[in-house]
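Colleague: I would like to go through this chain with you, beginning with its aromatic side chains. Please put it up.

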Amino acid sequence: MRHTAAVRRALRAAAADLPAGSDAVTVGVSGGGDSLALVAAACAEGFGVRAVVVDHGLQPGSAAVAARAAATCRDLGAEAEVVAVTVDGPGEGPARDARYRALGRAAWGPLAVGHTADDDAEGVLLGLARGSGTTSLAGLAPVTVDHPAVAAGATLLWRPLLRVTREQTYGSCAELGLD
């Protein structure tokens, strides 16, 4: 259970970034290994967890996939719901905007997302490739209030898994028997 232990250690360490008394979090769940590992760790660490799965409706069967992800979160001990959104336009940008607005509206307080060290590194490289210059080198902030999800209602956006890799989150899912 070494991967699961690493994810839980990262979550415990990152909890110091939260305001005092933040014992309940909303977790944005894609159904992938990063967000499922985050839900599992948060439940195991005693957080009250509300998992929110966004169904973009962009692929056939997306509602069933979202329902399965929510059911998995419930099995882990989280409260879970599926929120359907309408995406205004093609591409990842409009889908991301719709997703974060929905997550922010559904959040109880802090909104946790499963970004890992791999996402952080990819973001830095993409920013440099786009010509963002040295501002790209800062990477993802563990906590931010300057975000569309916060504008929509979350108290802050929290990225507690920036100290672990995607290999570790997927390894944790394997150790826990999560698909």
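Colleague: How many aromatic pairs does a search of the whole structure find?
Modeller: This is a predicted model. The search covered the whole structure, and the number of aromatic pairs found is one.

Colleague: Is the pair of F47 and W158 stacked, edge-to-face or tilted?
Modeller: The ring centres of F47 and W158 are 5.9 Å apart, and their planes meet at 50 degrees. Stacked needs planes under 30 degrees apart and edge-to-face needs over 60. The angle for F47 and W158 fits neither class, so the pair is tilted.

Colleague: Where in the chain do F47 and W158 lie, and how many residues apart are they?
Modeller: F47 belongs to the loop between α2 (33-44) and β2 (48-55), while W158 is in strand β6 (residues 156-158). The pair therefore links distant parts of the chain, with a separation of 111 residues.

Colleague: Are F47 and W158 buried or exposed?
Modeller: The cut-off for buried is under 20% relative accessible area. By that criterion, both F47 and W158 are buried.

Colleague: Which ring does the charged end of R99 sit over?
Modeller: A charge counts as over a ring only within 6 Å of the ring centre. The charged end of R99 is 5.8 Å from the centre of its partner ring, which belongs to Y100.

Colleague: What pattern do the helices and strands follow along the sequence?
Modeller: The chain has seven helices and six strands. Read in sequence order, the pattern is α-β-α-β-α-β-α-β-α-β-α-β-α.

How values were computed:
Residues numbered from 1 in each chain as written. Predicted model: local features only at pLDDT ≥ 70, side-chain atom pairs only at ≥ 80, totals over all residues. Heavy atoms only, no water. Phe/Tyr/Trp six-rings, centres within 6.5 Å; stacked < 30°, edge-to-face > 60°. Helix = DSSP H or I, 4+ residues; strand = E, 2+ residues; numbered from the N terminus. Buried < 20%, exposed > 50% of the residue type's maximum accessible area, 1.4 Å probe, protein only. Lys NZ or Arg CZ within 6 Å of the ring centre and 35° of its normal.
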